[in-house]
Structure formats: C-alpha cells, structure tokens
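This report walks through a protein model with a bound ligand, taking selected side-chain contacts, the ligand surroundings and the backbone in turn. Please keep the sequence and the structure in view while reading.

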Amino acid sequence: MKDILPQDTPYWQCVESSVREVLAAYGYEEIRFPIVEKTELFKRSIGEVTDIVEKEMYTFEDRNGDSLTLRPEGTACCVRTGIQQGLLYNQVQRLWYMGPMFRHERPQKGRYRQFHQVGVETFGMAGADLDAELILLTARLWKKLGLDDLELQINSLGTAEARAVYRMQLVAYFEAHHSQLDEESQRRLLSNPMRILDTKNPDMRPLVEAAPKLTEYLDDESREHFATLCGLLDAANIRYVINPCLVRGLDYYSRTVFEWVTDRLGAQGTVCAGGRFDGLVEQLGGKPVPAAGFALGLERLLELVRDNMQPQTAPHAYLVLMGAASQQVGLVLAEQLRDKVPGLRLMTHCGGGSFKSQFKKADRSGARIALVLGENELETGRVGIKFLREEREQQAVAQDVLAEWMTGLLA
Ligand code: ATP
Ligand code: MG
C-alpha cells in the first residue's frame, strides 16, 4: 500500500480532473458507495474460483461476527447500491466512481495491495452502440492525456449457453494435453477452465493459443452484436485487435470484453479492462437489466502519462512580512488579492523570522515573485516586488492597485 506524497498528488489530480471532464462530456454521473461490503457480495458476483475471491480479499469479522471485505473492485458494489436504491429497474444509468480497491497480491511494479480505479458502469442499454461508447470514451481520455500507444483488444464471450458448449470442448482439449498444464491450470481445469486462457505463464502460451476458440461457438445474436461493435469502431476510426484468448479475470462477463494494453509496463500491461455483464444484476438479486462497464487502474495510467504532464501547483507569489504591524496588514491584503485576482495562488509567510530566512522559504516554495511588506512599505502604502526566477528589476507597487498589477502578471 503506497503513500501518495505532495510531490505526486498534483499528477493524480491532473489525471483525475481529465477523467471527470471526459465522463461529463458523455453525460456520466458520479456515484459513491462504501469501501466495505459483506463478503458474500463479492463471492456471489466475482465468483468463488477467481484469483480475487480465492486468495486476494481482505476479509475480516466485525464486532457482530459478520464477515466483511474491503472492496477488491467496484462493479459488485455499484450493482448492490443500484439494486438497493432502486436505480436500475426500467432505467438507463451511466455511472462512474473513483477510489481505492484492495487486493492481497504480491506487490510489484504496477501491482499494489491498495490501488485506485476509475470505474464506469452502465445499466439498461443492451446494444453494441453502448459498448462502442465505452470504448470511445476511454479513447478520448487517452488522447486528452497524450497517450497514443495503447492497444485495444476486444473479444466476445457470447451468452452463458454458448459458453457452456464451448467449455466442454475446451475441457476436452486441455484434458488431452493434461501433462502440459501448469499446476494452477490443472486446478482451473476442474473449477473454471476458461480462466486457463487468461494464464500469465508464458510457457503455457503455445498450448493456449492452439486451443479451440470461443468465437467459433458464439450464438448468432452474440455474433451479430460483436459484428455491430466492430463496425461502429471501424466507423469511428478506432483501431483494435480481436484477441480470442481475452476472457477477463472475473466470472460475470458476457458478450463484449475489452482491454487497453501497453508493452511499457512489463507484465502489468492492462491499463483498462471491461465489458458487458448482462446477467450480473439478476445474479445479485435484482430484476434483469443489461449492463456494461470498465475499470481503469490509475497507478498504471499515471506511470504511463506522468512524463507528459506539468502540473502547475507552485504559488504565483509568496508574501514576505517583516514586523508585527505588517502581519495584520499583510493578512488583510492577501485576502483582498485572493478575492480579486482570478486563480491566484498566494502563500503568506507565517512564523516571522529574518528577511533572509523568509526569502529562502519564498524561493523554496517555487513562487515566481515575492511580495514584500516591511516597515518601509507600510509607511508608503506600497508592496515591494522581487522576481525570484527571472532577471528583472525589483519594483514597488501601490497596495490599492496591486490586485490589478497581479492580474496583469498572471495573464
Ligand atoms: P491483472 O490481470 O493485471 O491482475 P485484473 O484482471 O485483476 O488485472 P481488473 O480486476 O479487471 O484487473 O481491474 C481493472 C484494472 O485495475 C486493471 O486493468 C489494472 O489496471 C488495475 N489493477 C488491477 N489490480 C491491480 C493492482 N493490484 N494494482 C494496481 N492496479 C491494478
Ligand atoms: Mg488480478
């Protein structure tokens, strides 16, 4: 679990505000739900035989003896909220959330035990047009963040019925090659054979790539849905790769699944992953509602875009105050400036001290200028201006026109 320090938070804020702007541009609304839920919720939605539920959840008993879990992902929570609050049935919803998720994984670059996701979930829209919208929205976000080397992979998982037929073929195939399966895959063969396709073991790749493809077992409607999606992406000029091995780690997906991947983050190459989960709402006790969404990992995204960003957080000005009288005048003056100068970032020196030590702090703050208020300035009704980052004559500006002068400086 990582601490995020003041030197890093500006980058986070930058990405977060881009995310908010893009989501607003498509009419998505923010929803907030608790960080803990009943353990049962995740078992029922994510699936008992997934990495998350088998070995990654932070689960504990509370004082009543109820089993609770720190949320490992947001979809289940969002669906639970939606059902409980009556947001889903017979309605169309476009929702998003952002916040920490918790998984007890082996920590490594791009993989943490507390990490942050932006999640988007939609309800009430069954068509491929919505799937395309989700992808377009993410593509717009990458563009806004100056990210142009992510690859979009898509696949269709069909319906539960189509998958059942396919699963039998897949099991037969892997059983015929049983000796080539690693330990984890042997276990998955019994519990959740499609997850073998999702293996991260490179030695298993050839076997997996030669396996029967789900695409060949798709039902007609799913096939058409997928063809429509591809057509929409083509029309919108979004490049994609069809990856028949893309099955996603979670159990609840159906039809469209997609991932945005990069080769710049080693094994942790998936930045954003999502798809359709038409059966989940009913599975969690609601009336059936089609649903689709995605989650994007903010740590991985930040790692990719950090170098493109130059967040501006340093104060424009640092107010140096000499003497008790100047403290009072300075405090009032600073408030007036913040009232009148749009967007001004002004730091007022607190704690007294010599000119020298105050200027040192002014410099370290990163401010462009120091405003100086000493005895001399108090007498003349002015403020001294010293440029800290450029060769410019020191000057004095009358206090009553300082706001105007500062506005000009910032323009
Ligand atoms: P992976 O295959 O990398 O384990 P996943 O399938 O478990 O990913 P999802 O549950 O789909 O991931 O989560 C969506 C996104 O959240 C991932 O694509 C990734 O960007 C991010 N993410 C997932 N787990 C972590 C983690 N432990 N640390 C940082 N980011 C993560
Ligand atoms: Mg995982």
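## Arg80 and its partners

In which helix is the place of Arg80? In this model, which is predicted rather than determined by experiment, Arg80 sits in helix α4, the helix made of residues 75–84. The side chain of Arg80 is joined to that of Glu37 by a polar contact of 2.6 Å, and a polar contact of 3.5 Å joins the side chain of Arg80 to that of Thr81.

## Domain layout

The protein chain is divided into two parts, of which domain 1 is assigned residues 9–158 together with 218–308, while domain 2 is assigned residues 317–410. Between the C-alpha centres of domain 1 and domain 2 there is a distance of 48 Å.

## The surroundings of ligand 1

The shell around ligand 1 holds 15 residues, and those that come nearest are Arg103, Glu105, Arg111, Lys200 and Arg248. Sorted by character, the residues of this shell comprise 6 that are charged, 5 that are nonpolar and 4 that are polar. Three strands, β6 (114–123), β10 (270–276) and β11 (291–297), each supply at least two residues of the shell, and β10 gives the most, with 3 residues.

Which atoms of the protein lie opposite the nitrogen and oxygen atoms of ligand 1? A nitrogen atom of ligand 1 lies 2.9 Å from a backbone N or O atom of Tyr112, whereas an oxygen atom of ligand 1 is found 2.7 Å from an N or O atom in the side chain of Lys200. A polar backbone atom of Thr270 is likewise placed 2.9 Å from an oxygen atom of ligand 1. Of the 590 Å² of accessible area that ligand 1 has on its own, the protein covers 91%.

## Salt bridges between distant parts of the chain

Side chains of opposite charge can pair when their charged atoms come close. In this model the count of salt bridges comes to 23. One of them joins the side chains of Lys55 and Glu184, with a distance of 3.5 Å from N to O. This pair links distant parts of the chain, since Lys55 belongs to helix α3 (residues 51–56) and Glu184 to helix α7 (residues 183–191), with their positions 129 residues apart in the sequence numbering. Lys55 counts as partly exposed because its relative accessibility is 46%, and Glu184 is also partly exposed, with a relative accessible area of 27%. Lys55 and Glu184 belong to a network of salt bridges in which Asp51, Arg188, Arg195 and Asp198 are linked as well.

A salt bridge is also formed by Lys109 and Glu303, whose closest N and O atoms are 3.1 Å apart. Here too the pair links distant parts of the chain, for Lys109 lies in the loop between β5 (93–102) and β6, while Glu303 lies in helix α11 (residues 298–305), 194 residues apart. Are these two partners buried or exposed? Lys109 is exposed, because its relative accessible area of 54% is over the 50% cut-off, whereas Glu303, with a relative accessible area of 41%, is partly exposed.

## A salt bridge within one helix

Arg338 and Glu335 form a salt bridge in which the closest N and O atoms are 3.0 Å apart. Both residues lie in helix α12 (residues 324–340), and they are 3 residues apart, which is about one turn of the helix. Arg338 is partly exposed, with a relative accessible area of 34%, and Glu335 is partly exposed as well, with a relative accessible area of 43%.

## Positive phi in two loops

Most residues other than glycine have a negative phi. Where is Asn90, a residue with a positive phi, found? Asn90, whose phi is near 60°, is found in the loop between α4 and β5. Asn90 counts as exposed because its relative accessible area is 71%, which is over the 50% that this class requires.

Asn237 likewise has a positive phi, of about 65°, although it is not a glycine. Asn237 is found in the loop between α9 (220–235) and β8 (241–242), and with a relative accessible area of 70% Asn237 is exposed.

Methods: Residues are numbered from 1 along each chain as its sequence is written. Chains are lettered from A and ligands numbered from 1 in the order in which they are written. This is a predicted model: local features need pLDDT of at least 70, side-chain atom pairs count only at pLDDT 80 or more; totals for chains, interfaces and linings use all residues. Side-chain values use heavy atoms; hydrogens and water are left out. A residue is near a molecule or strand if one of its heavy atoms lies within 4 Å of it. A polar contact is a pair of N or O atoms within 3.5 Å; within protein, one must be able to donate a hydrogen and the other to accept it, and residues adjacent in sequence count only if both atoms are side-chain atoms. Accessible areas come from the Shrake-Rupley method with a 1.4 Å probe; for residues, only the protein chains shown count as cover. Helices (H or I, at least four residues) and strands (E, at least two) are DSSP runs, numbered from the N terminus. Ala, Val, Leu, Ile, Met, Phe, Trp, Tyr, Cys and Pro count as nonpolar, Asp, Glu, Lys and Arg as charged, and the others, Gly among them, as polar. Domain bounds come from an automatic or database domain assignment. A salt bridge is a side-chain nitrogen of Lys or Arg within 4 Å of a carboxyl oxygen of Asp or Glu. Buried means under 20% relative accessible area, exposed over 50%, partly exposed in between (1.4 Å probe, protein chains only).
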